[in-house]
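Hi there,

Here is the model I promised to pass on. Please open it alongside this email, and I will walk you through what turned up.

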Amino acid sequence: MTAQTIHHPSHQVQINKVYLHPLPVRIWHWLNALGFLLLIVTGFQIRYVDLFGLMSFEAAVKLHNWVGFGVIANWFLWLFYYMASDKVTNYHPDLDAKDFFDRYFRQVQYYAWGIFTGAERPHRVHPHDKFNPMQKLTYQFVMFISAPVTFLSGLMMWDVQRFAGLIEMAGGIRVVNTIHVFMFILFVFFIIIHAYMGFLGSKPSSHFKEMFTGYEEPHV
Amino acid sequence: MKARLTLGSLMLAAALLAAAPAAGLAEQHEEVANPDVKCLKCHTKNLKKKLEDGERMSLRVEVGEFEGSAHSVIGCTGCHRDIGKAKHPSREPIASARAYSQAQNENCRHCHEARFTDYEDSIHASLAHEGDAGAPLCSDCHNAHAVQSMAAYEPVTGEPCKTCHESIYEAYSQSVHGLAVTNGNVIRESHVQAPICADCHQAHSVSAVAASDHLKNTCLECHEGASLAHEQWLPNAGMHLDSISCPACHSPMAERRVDLQLYDRLEQVPMGRGDKHQSVREHVAAIDAEGDGLDPVELWKLVRRASRDGDGADVVLRGRMEVTSGVDAHRIAPRGSAVRSCENCHEGNAKAFQNVTVSISKPDGRKQRVSAESKVLSSPISVDSVGGFYAPGGTRIKLLDGVLALAIFGALAIPVGHIALGKIIRKKEKDQ
C-alpha cells in the first residue's frame, strides 16, 4: 500500500496520503532512536564519571556494550530491509551533482525563508524518493559512514585484545577512542537537530505522527 | 658415611698431636689423609691480612660452622684450589675484601655451573659487574664457610634477601602472603603454600622487576583462576591484566604511576635491551635537563627521535600502571581489600594518572626513567605519541570536551536561531 485517500474536513478536498515509512523502517527507526539515546547517556556517564552520577562506571560500560550490540543488530535489520526492497532508491546517490546541489540549496532556502512564508516545499516526497537533498546527504553520511565507523571503533574498544591487530592498524587504542568520541559528538549534534527538524512538518506533530503511522501527513 | 673424619675430631686430634711432639709421625699421616687439618692449624687463629684498601681481612675459619656446612665434604681446597700451586701464605696483594669475594665467585661456577649461569643473567650479577658494592656475590647470600643445603634455609626469616631488602621484607611479612607463611600457610582458612621471596623472584636468576611480565605470570601460576575471576566482572580483563601490575590494585594503599615505555613493536621487546639503542638511551638521559618533566611536544619529539635512531625499530610508547616502590609492591592485601572501583582510575584527573614517567630499558632490564607532565596523557598531541595507552574518562583528551560543548551549544543554538529567524520573517511579511 503506497497511498491512502482521505477527506480533509476543513478544505473540502480529497488528499492522497503517501505511505512513506513501511513497518520495518518504523520499527528500526524507533529502536534506533532509543538505542542511540541510551548510548549517548551511558557514553556521557563513561566519559564524565566525575561529573554525572546516574549510574556507576561499571554499570554504564556494561549497558553501553549491550545496547551497542543491539544497535548494530538493528542497523543490519535496516540494511537487509533496504537491500531486499525496492525502497533502496531512497539512498541511491544522485549522479548529477549540479542538479543535486541546485536542489540542495533550494531546500536550504526553503528552511531559511520559504517555510516561514508558506512557500511550496521544493521536494515532493515519494515512497521511492522520500528524502529531500539535505536529508539524503545527511542520512547517507550517517548510515553509511558515521554509524559503521562508530560501531567498528566501539567493537574494538569492547574487546581490545580480540581486535588488537585492527587497533594497531588504526594507530592505537587512543586513536580508536578519539574516532569513537568524535562520532559520539556528531551523533549528539545530529540527534538534537534531527529532533528539532521533526517539528518542521505542516504541523509540529506531523513528522512524529508519520513515523508512527507510516503515512505522510497532508500539507495543506 | 663420610669418607673423611669430621673436622671437630680432626681438630681434637690435631690438638692432641700438638701437645705430643713425639707423635709427629702420626700427625703427618693425618695431614696426608686430610689436608684440612693443616689449613685449620693456622686458620683457627685470629689471622688477618692487610688489604690494599687499608682494611684488615680476617682469615679465621669457625671450625664448627664449616663442619656443619654443605661444603665440609669437599674440604678447603675444594674452593681454594690454587693454594697448593703457589707459595702459601701468599704475598700477593688483595685490593679489598669485596675484590677477593668477587674473585672467589668463579670458584662456585666449577661445581654449580647451572646456578652460576642463572646468577650471571640476574640483576644481582649485572649490578655487581657495574661495580655496585652492594650487589650480592655468591658469598653474600651463602656464607663462605657456612654454606647450608637448600633444605636448611628458613625463608620465613627473610634471610638472605632481608639483609639488603629489609624494608621490602617488612612489607612482605605483613602482607597476605607473609602472614600466611608465619601463620602456617593458611590463606582464607585453607592450607596453601604461600610464597616466599624466591618463589616469585627466583633464587639465582633474579631479574629486574620491570624487565618483563614474568611477575604477573608468577602471580597467575598460583592464582590459576585469577584471569577468569577478573573476566567475571571486569570489562577487557585481559587488557587490564596486561597494562596494570597486580599490586597496583592488590596493594590498595600503594602510590601509583603510569610508565610509558619506549617499545619496539616490530621485535615485540622494550627498546634498549641487550646493549641496543645506546644513543636513544643517552638522549632520554639528557632530554629533561631542566627536570620539569616532559611536556606533550617533548614526548612526541622523543618518540620521533627514537624512531629515527632506533635501528629500524617500530617505536611506540607502551603504557603500564605500576606502583612506585618495591615496598608498596609487597604490601599485597587480602582479596576483599583490593581496589575494585572503576572510578578510581576512570574519573577525570584520577590520582593514578598524575604521576607519569617515560622509560627506556637498560641492557639488564632495569628502566631508565624520566618524569613527564600528567597532561601527556590527555593532550591531543598524545593521540600519536601515546596511542597505545588510554583509560576512558581518566585520560580523556580535554580538547574533545571543548568540541563536544561546542557541538551541544551549536545544536541548541540552531533551533533557537531558526525560531527567531521565523519570527522576524513573519513579522516582516505581516508588516508588508
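Before the findings, one term: two residues are in contact if their C-beta atoms, placed from the backbone, lie within 7 Å. This is a predicted model, so to speak of local features a pLDDT of at least 70 is needed, side-chain atom pairs count only at pLDDT 80 or more, and totals for chains, interfaces and linings use all residues. Residues are numbered from 1 along each chain as its sequence is written, while chains are lettered from A and ligands numbered from 1 in the order in which they are written.

**Where the chains meet**

On that basis, 28 residues of chain A are in contact with 34 residues of chain B. On the chain A side, α1 (23-47), α2 (57-84), α3 (97-117) and α6 each supply at least two residues. (Helices, H or I with at least four residues, and strands, E with at least two, are DSSP runs numbered from the N terminus.) Which helix gives the most to this side of chain A? It is α6(A), with 12 residues. By class, the side of chain A that touches chain B has 17 nonpolar, six polar and five charged residues. Here Ala, Val, Leu, Ile, Met, Phe, Trp, Tyr, Cys and Pro count as nonpolar, Asp, Glu, Lys and Arg as charged, and the others, Gly among them, as polar.

**Inside chain A**

The domain assignment, which is automatic or from a database, splits chain A into domain 1 (3-92 + 131-213) and domain 2 (93-123). Their centres, taken over C-alpha atoms, are 24 Å apart. Five residues of domain 1 of chain A are in contact with eight of domain 2 of chain A. Those on the domain 1 side are three nonpolar, two polar and no charged.

Two helix pairs are worth a look. For both, axes are lines fitted to C-alpha atoms over the stretch in contact, and angles run from 0 to 180 degrees between N-to-C directions. The axes of α1(A) and α2(A) come within 8 Å and cross at roughly 155°. That makes α1(A) roughly antiparallel to α2(A); angles under 35 degrees count as roughly parallel, over 145 as roughly antiparallel, 65 to 115 as roughly perpendicular and the rest as oblique. The contact of α1(A) with α2(A) has 17 nonpolar, nine polar and no charged residues.

In the other pair, α4 (residues 133-158) and α6 (residues 173-197) of chain A have axes that come within 9 Å and cross at roughly 135°, so α4(A) and α6(A) are oblique to each other. Among the residues making this contact are A:V142, A:V149 and A:M157 of α4(A) and A:I179, A:L186 and A:F190 of α6(A). By class, the contact of α4(A) with α6(A) has 10 nonpolar, six polar and no charged residues.

**Chain B**

Chain B has 23 helices and nine strands. Of its 432 residues, 29% are buried, meaning that 20 or more other C-beta atoms lie within 10 Å of a residue's own (12 or fewer is exposed, in between is partly exposed; C-beta atoms are placed from the backbone). Among contacts in chain B between residues at least 6 apart in sequence, 68% join residues at least 24 apart.

One residue to click on is B:A313, in the loop between α19 (296-309) and β7 (315-323) of chain B. Is B:A313 buried or exposed? B:A313 counts as buried because it has 21 C-beta neighbours inside 10 Å. Beyond its neighbours within four places in sequence, B:A313 is in contact with B:D264, B:L266, B:E267 and B:M271.

Best wishes
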